[in-house]
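Q: Please take a close look at one part of this model, a strand and the sheet around that strand. A connected account is wanted.

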Amino acid sequence: MSLNPRITIWQGRTVWLIGASTGIGRATAALLHAKGAHVIVSARNVQALQGFVAAHPGSDFEALDVADVAKVREVAGRIQSRSPSGRLDMVVYCAGHYQPMRAPSFDLAEALRHQQINYVGALHVLAATLPLLTAQGAGHLSLVGSVAGFRGLPKAMAYGPTKAALNNLAECLYLDLHPLGIGVSVINPGFVQTPLTAGNDFDMPALLTPEQAAREIVSGWHSGRFEIHFPWRFTLWLKLLRHLPHAWYFPAINRITGG
């Protein structure tokens with residue numbers, strides 16, 4: 001059952017990807033560009049954005065710090081005004097920050113940085129784009145979460161809660177926006193080979209490339225899915241773990257991860 005309108009044609013669609021300088025965001029932007037979308041990429045790394053535009057003629061970029069709410073509003077308005085159709089067809093929030101953290105080494109500043117980039121930045125983007133999308137009565141919002149948001153995991157004390165918040169936020173958005181004709185999806189990848197995961201000192205099962213992740217994401221939009229999670233051979237058993245009572249879940253995770 002499709003919970004969203006299926007997106008099968010990208011030609012002429014204006015797509016704004018925030019957090020597209022590297023990794024999943026960049027790979028997804030490249031794939032959508034290849035399919036004919038008018039892609040605008042945003043991030044703080046201007047050099048990376050310029051490199052993307054040089055390699056993908058017809059795309060555009062807007063340098064952006066998602067913590068700057070006024071700048072986010074300004075950029076959103078500019079993107080809509082430059083759209084060939086005068087519309088903003090899709091907004092993808094892929095900005096993310098990750099550092100492993102456990103309670104004995106709790107770092108408040110680092111935890112708050114996760115919150116500001118992973119979650120508060122998404123709220124800034126929503127504040128800037130929801131009026132545009134609701135006025136159109138069409139479009140699609142997609143938030144990039146993580147399987148780390150399913151349940152508490154070791155070393156995810158700063159990262160996991162922000163991704164759990166995005167999953168909850170996406171569900172709330174869907175309930176309000178679906179009746180208005182606006183699609184909403186949440187993307188929960190497993191392990192993907194990106195700068196964020198490069199520092200992990202543990203085995204990452206079913207590790208994907210950013211290009212593989214991008215194909216899974218676009219396939220999910222094509223199918224009209226609300227939650228796009230992958231790779232299934234990894235994410236399905238994590239979903240099963242979500243249903244365990246705490247008395248079973250905590251020992252199971254300790255055995256799997258080595259405590």
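A: L17 stands opposite V41 in β2. L17 belongs to β1 (residues 14-18), and β1 pairs with β2 (residues 38-43) in the parallel sense over 5 bridges. Strands (E, at least two residues) and helices (H or I, at least four) are DSSP runs numbered from the N terminus, and two strands pair if DSSP finds at least two bridges between them.

The model is predicted: local features need pLDDT of at least 70, side-chain atom pairs count only at pLDDT 80 or more, and totals for chains, interfaces and linings use all residues. Residues are numbered from 1 along each chain as its sequence is written, and side-chain values use heavy atoms, leaving out hydrogens and water.

Because 5 of the 5 residues of β1 are buried, the strand is largely enclosed by the rest of the structure. T14, W16 and I18 cover one side and V15 and L17 the other, all of them buried; buried means under 20% relative accessible area (1.4 Å probe, protein chains only).

The open sheet has 7 strands, paired in parallel in the order β3-β2-β1-β4-β5-β6-β7. Its edge strands, β3 (60-63) and β7 (227-230), each pair on one side only. Neighbouring strands are turned by 15° against each other on average, direction ignored. At the β7 edge, 4 bridges join β7 to the parallel β6 (residues 183-189), and P189 stands opposite F230.

Helix α3 (residues 69-82) lies across β1, β2 and β3, at about 165° to β3. Contact means heavy atoms within 4.5 Å; axes are lines fitted to C-alpha atoms, for helices over the stretch in contact, and angles run from 0 to 180 degrees between N-to-C directions.

Methods: Buried means under 20% relative accessible area, exposed over 50%, partly exposed in between (1.4 Å probe, protein chains only).
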